[in-house]
Amino acid sequence: MAALTESVDVTPTVLDWIGLTPPPAMDGRSLLPLARGEPPENWRDAVLMEAEFGEPSRPTRFQTALGLGPDQSGVAILREPGWKYVHFAGGVPPMLFDLASDPNETRDLAADPAHSGERTRLAGKLLDRMMERRDRRLTGYSFGV
């Protein structure tokens, strides 16, 4: 069975395999249902990847070429089955790829007005997903109530 998975699914999978429940603040979901060929309930329709391409002590070639500091050298990528949206920090223009017609990601469509709606939709979905993954160590706690 094919499904979009993330590296954050590994730990919940191991915990599920040994009979433990992941803590509420942990991202990811168990992959055991997929391994058994069972479609997981409410499975994600997109995956998120975040990366840093900067170095604080010695700027990388990307930082140097783009004139970015270490706090501006991040990228977030949202991938759906048919689309990939890449959002850079530091004012670097985003990228958009139609994976159905361009599986090798050779044509960036982000600046094409014909794809502005798709770009806006995916940018919003990326922001929603990043907010869902924010630090939740205090989830379920109430102060002063």
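**Entry 1: Glu-105**

I started in the loop between strand S4 (95-98) and helix H4 (116-132), where Glu-105 is found. This is a predicted model, so I'm reading a prediction throughout. I looked up the backbone of Glu-105: phi is near 55°, a positive value in a residue other than glycine. Is Glu-105 buried, partly exposed or exposed? I got 29% relative accessibility, and because partly exposed covers the range between under 20% and over 50%, Glu-105 counts as partly exposed.

**Entry 2: Asn-42**

Next I went to another loop, the one between helix H2 (32-35) and strand S1 (47-52), which holds Asn-42. Asn-42 isn't a glycine, yet its phi is positive, about 50°. Its relative accessibility came out at 68%, so I put Asn-42 down as exposed.

**Entry 3: the sheet**

Then I traced the strands. In what order do the four strands sit in the sheet? I read S1-S2-S3-S4, an open sheet with antiparallel pairing. S1 and S4 are the edge strands, since each pairs on one side only. From one strand to the next, the twist averages 15°.

I picked out one pair to check by eye. S2 (residues 74-79) and S3 (residues 83-88) are joined by five bridges, in the antiparallel sense. I also looked up Ala-76, and found that its bridge partner in S3 is His-87.

**Entry 4: the helix on the sheet**

Where does H4 lie? I found it across S1, S2, S3 and S4, running at about 70° to S3.

**Entry 5: the cores**

Now for the nonpolar residues. In soluble globular proteins, nonpolar side chains tend to be buried together. How many residues make up the largest nonpolar core? I noted 11, among them Ala-46, Leu-48, Tyr-85, Leu-96, Leu-109 and Ala-110. S2, S3 and H4 each supply at least two residues of this core. Ala-76, from my bridge check, is on the list too.

I followed one member, Leu-78, to see what it touches. Leaving out residues up to four places away in sequence, the contacts of Leu-78 include Ala-46, Trp-83, Tyr-85, Leu-122 and Leu-126, and those five are also listed in the core. Leu-78 touches Val-47, Lys-84 and Lys-125 as well.

Last lookup of the day: there is a second, separate core of nine residues. I wrote down Val-86, Phe-88, Val-92 and Leu-99 as some of its members.

Definitions and conventions: Residues are numbered from 1 along each chain as its sequence is written. This is a predicted model: local features need pLDDT of at least 70, side-chain atom pairs count only at pLDDT 80 or more; totals for chains, interfaces and linings use all residues. Side-chain values use heavy atoms; hydrogens and water are left out. Buried means under 20% relative accessible area, exposed over 50%, partly exposed in between (1.4 Å probe, protein chains only). Two strands pair if DSSP finds at least two bridges between them. Axes are lines fitted to C-alpha atoms, for helices over the stretch in contact, and angles run from 0 to 180 degrees between N-to-C directions. Contact means heavy atoms within 4.5 Å. A nonpolar core is a set of buried Ala, Val, Leu, Ile, Met, Phe, Trp, Tyr and Cys residues joined through side-chain atoms within 4.5 Å.
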